[in-house]
Amino acid sequence: MSERPSPSAPRRAPRRDALRNDAVVIQAAREVFAEQGPQASMESIAARAGLGVGTIYRRFPGKDALLDAIARLFVQELDEATAAALADPDPAAGLERFLDFVGAFNTEKRRYASLLAGRLGADDEVSRPTFERIRQLTQKAVDAGHLAPDVTGDDIRALVAAIHAVVAAAPDGDGSAWRRFVRIHLAGLRAGRTEG
């Protein structure tokens, strides 16, 4: 009689090729969802990734698992974007580059944004550092005189949410609407700033 493995036995870490496949699948899913929207099939994603459908289902049991992975990746990318913006010696340039990232990502996920709803802000442990960096970035821009003294991180967070709505209302693939919106909004946030 063969011994069964203990239920508490440690699970092996995924092999390198499995992790590489995950990255390929997630990128393929982002592209296919961006093109086809919610109706995109796992078969289309597998074809774009150059993998068999069975390979994908072994790592991602369905669309929900893929969307969760895309949402986690976006939170990570958002965090990296805020960190890069915060490190920029020019707070105004850093803030504008961060808002460009937000607009570009929202444009990419426009067709499947409804599927990501509720997933992006769900992990407070991941998003808290991002929100703290947005607050710090805003304060740096205020301290440097690029934004009015009463502008807060919450104002920039509201602008991030508003960019999503502007992208959703714009004609497909038209990035000019959100760029104009950001330009006008930033001009308003600069109004009344103290001149040095």
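In the predicted model, the axes of helix 8 and helix 9 (residues 176-190) come within 9 Å of each other and cross at roughly 155 degrees. Because angles over 145 degrees count as roughly antiparallel, this value makes helix 8 roughly antiparallel to helix 9. The crossing in which helix 8 passes helix 9 is right-handed. On the side of helix 8, the residues that take part in the contact are Ile156, Leu159, Ala162, Ile163, Val166 and Val167, and these meet Ala177, Trp178, Phe181, Val182, His185, Leu186 and Leu189 of helix 9.

Helix 8 itself comprises the 17 residues 153-169, which at 1.5 Å a residue should span 24 Å, and the computed separation of its end C-alpha atoms, 25 Å, agrees with that expectation. Within this helix, Gly153, Ile156, Leu159, Ile163, Val166 and Val167 are buried. Viewed down the axis of helix 8, these buried residues fall within an arc of 125 degrees, so they line one face of the helix. An α-helix has 3.6 residues a turn, and residues three or four places apart therefore point the same way. The face of helix 8 that is turned away from the buried side carries Asp154 and Ala169, both of which are exposed. Several of the buried residues also belong to the contact with helix 9, among them Ile156, Leu159 and Ile163.

Histidine 164, also located in helix 8, is partly exposed, with a relative accessible area of 33%. Apart from residues up to four places away in sequence, histidine 164 touches Asn106, Lys109 and Ala113. The C-alpha atom of histidine 164 lies 9.2 Å from that of phenylalanine 105, although the two residues are 59 residues apart in sequence.

Helix 9 packs in addition against helix 5 (residues 91-108), at an angle of about 150 degrees and with the two axes 11 Å apart. Helix 5 and helix 9 are therefore roughly antiparallel to each other, and helix 5 passes helix 9 in a right-handed crossing. The residues of helix 5 in this contact are Leu95, Glu96, Leu99, Asp100, Gly103, Ala104 and Thr107, which meet Trp178, Arg179, Val182, Leu186 and Arg190 in helix 9.

Tryptophan 178, a residue of helix 9, takes part in the contacts with helix 8 and with helix 5. Its relative accessible area is 2%, and tryptophan 178 is therefore buried, given that the term applies under 20%. When its neighbours within four places in sequence are left aside, tryptophan 178 is in contact with Leu99, Asp100, Gly103, Ala104, Thr107, Ile163, Val166 and Val167. For one of these partners, valine 166, which is 12 residues away along the chain, the C-alpha atoms are separated by 5.8 Å.

Elsewhere in the chain, threonine 130 in helix 7 (residues 124-143) is buried, with a relative accessible area of 1%. Leaving aside neighbours within four places in sequence, threonine 130 is in contact with Val75, Leu78, Asp79 and Thr82. Between threonine 130 and valine 75, which are 55 residues apart along the chain, the C-alpha separation is 8.2 Å. Aspartate 22, placed in helix 1 (residues 16-36), is likewise buried, with a relative accessible area of 12%. With residues up to four places away in sequence not counted, aspartate 22 touches Arg59 and Phe60.

In helix 2 (residues 42-49), the buried residues include Met42, Ile45, Ala46 and Ala49. These residues cover an arc of only 100 degrees around the axis, which puts them on the same side of helix 2. Helix 2 is followed by glycine 50, whose phi is positive, near 75 degrees.

Taken as a whole, the protein chain contains nine helices and zero strands, and its pattern along the sequence reads α-α-α-α-α-α-α-α-α. Of the 196 residues in the protein chain, 35% are buried. Among contacts with a separation of 6 or more, 69% are made between residues 24 or more positions apart.

Conventions
Residues numbered from 1 in each chain as written. Predicted model: local features only at pLDDT ≥ 70, side-chain atom pairs only at ≥ 80, totals over all residues. Heavy atoms only, no water. Helix = DSSP H or I, 4+ residues; strand = E, 2+ residues; numbered from the N terminus. Expected span 1.5 Å × (residues − 1). Buried < 20%, exposed > 50% of the residue type's maximum accessible area, 1.4 Å probe, protein only. Arc of directions from axis to C-beta. Axes fitted to C-alpha atoms, helices over the stretch in contact; angles between N-to-C directions. Parallel < 35°, antiparallel > 145°, perpendicular 65-115°, else oblique. Left-handed = near helix turned anticlockwise from the far one by under 90°. Contact = heavy atoms within 4.5 Å.
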